[in-house]
Amino acid sequence: MSDIEIRDDRTAGRLEALAAGEVVGHIAYFVLAARGRALVPVHTIVEPAHEGQGIAGSLARELYLMAAREGIVVAPLCPYVVKWAERHPAEAPAADPQLLRAAKEWLVANPDRF
């Protein structure tokens, strides 16, 4: 996977994995400002031709690293990121249940966003 580059497109709310300049996977997320700031991943997608190469895990890891660099938390709503966090508790601190609730409420209030 050394040829995979990960970049954050904060404006679009996408953490993207690129191979040879082509997006081969991404995590769609939003930044929650209520109840403390958090990155909230909603979907993780890897193109079928690139599945099984660790791309989704690399994206999840980078999302948690981004949050740590920014001094905020991750409130995962994406099922893949939830499972990844359960398998990597040292890298993925659990989010406060109230923060997760606020993230879900934001998503319900903004259905056109995802």
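This is a short tour of a predicted model, moving from the whole chain to a set of charged side chains and then to two prolines.

**Whole chain**

Begin with the protein chain in cartoon view. Three elements to colour by type are loops, helices and strands; the chain has 3 helices and 5 strands. Followed along the sequence, they come in the pattern β-β-β-β-α-β-α-α. The radius of gyration is 14 Å, close to the 13 Å that the globule rule gives for 114 residues, so the chain is as compact as a globular protein of that length. Along the principal axes, the C-alpha atoms fill a box of roughly 40 × 35 × 25 Å.

Next, show the surface. The protein chain exposes about 6,300 Å², and carbon and sulfur atoms supply 54% of that area. Of the 114 residues, 41% count as buried. If you display contacts between residues at least 6 apart in sequence, 50% of them join residues at least 24 apart.

**Charged side chains**

Now select the charged side chains. There are 12 positive and 15 negative ones, and the centres of the two sets lie 7 Å apart. Side chains of opposite charge can pair when their charged atoms come close. In this structure there are 8 salt bridges.

**Around E70**

Select R10 and E70. Their side chains form a salt bridge with an N to O distance of 2.6 Å. R10 sits in the loop between strand 1 (4-9) and strand 2 (14-19), while E70 belongs to helix 1 (residues 55-70), so to speak of this pair is to speak of distant parts of the chain, 60 residues apart.

How exposed is each partner, by relative accessibility? R10 is at 29% and counts as partly exposed; E70, at 32%, is also partly exposed.

Keep E70 selected and add R37. These two residues form a salt bridge as well, with the closest N and O atoms 3.7 Å apart. Again the pair links distant parts of the chain: E70 is in helix 1, and R37 is in the loop between strand 3 (22-32) and strand 4 (38-46), 33 residues apart. R37 has 40% relative accessibility, which places R37 among the partly exposed residues.

**R61 and E91**

Move along helix 1 to R61, then add E91. The side chains of R61 and E91 meet in a salt bridge, 2.6 Å from N to O. R61 lies in helix 1 and E91 in the loop between helix 2 (79-87) and helix 3 (97-109), so this salt bridge ties together parts that are 30 residues apart in sequence. R61 is partly exposed, with a relative accessible area of 32%, and E91 is partly exposed at 34%.

Which residues do salt bridges with shared partners join into one network? Select D8, R10, R37 and E70 together: these are the members.

**Two prolines**

Finish at P79, which lies in helix 2. P79 has 59% relative accessibility and counts as exposed, because the cut-off for that class is over 50%. Then pick P89, 10 residues away from P79 along the chain, and draw a distance between the two C-alpha atoms: the separation is 15 Å.

Conventions:
Residues are numbered from 1 along each chain as its sequence is written. This is a predicted model: local features need pLDDT of at least 70, side-chain atom pairs count only at pLDDT 80 or more; totals for chains, interfaces and linings use all residues. Side-chain values use heavy atoms; hydrogens and water are left out. Helices (H or I, at least four residues) and strands (E, at least two) are DSSP runs, numbered from the N terminus. The radius of gyration is taken over C-alpha atoms; the globule rule is 2.2 Å times the number of residues to the power 0.38. Buried means under 20% relative accessible area, exposed over 50%, partly exposed in between (1.4 Å probe, protein chains only). Contact means heavy atoms within 4.5 Å. Accessible areas come from the Shrake-Rupley method with a 1.4 Å probe; for residues, only the protein chains shown count as cover. Lys and Arg count as positive and Asp and Glu as negative; His and the chain ends are not counted. The place of a charge is taken as NZ of Lys, CZ of Arg, CG of Asp or CD of Glu. A salt bridge is a side-chain nitrogen of Lys or Arg within 4 Å of a carboxyl oxygen of Asp or Glu.
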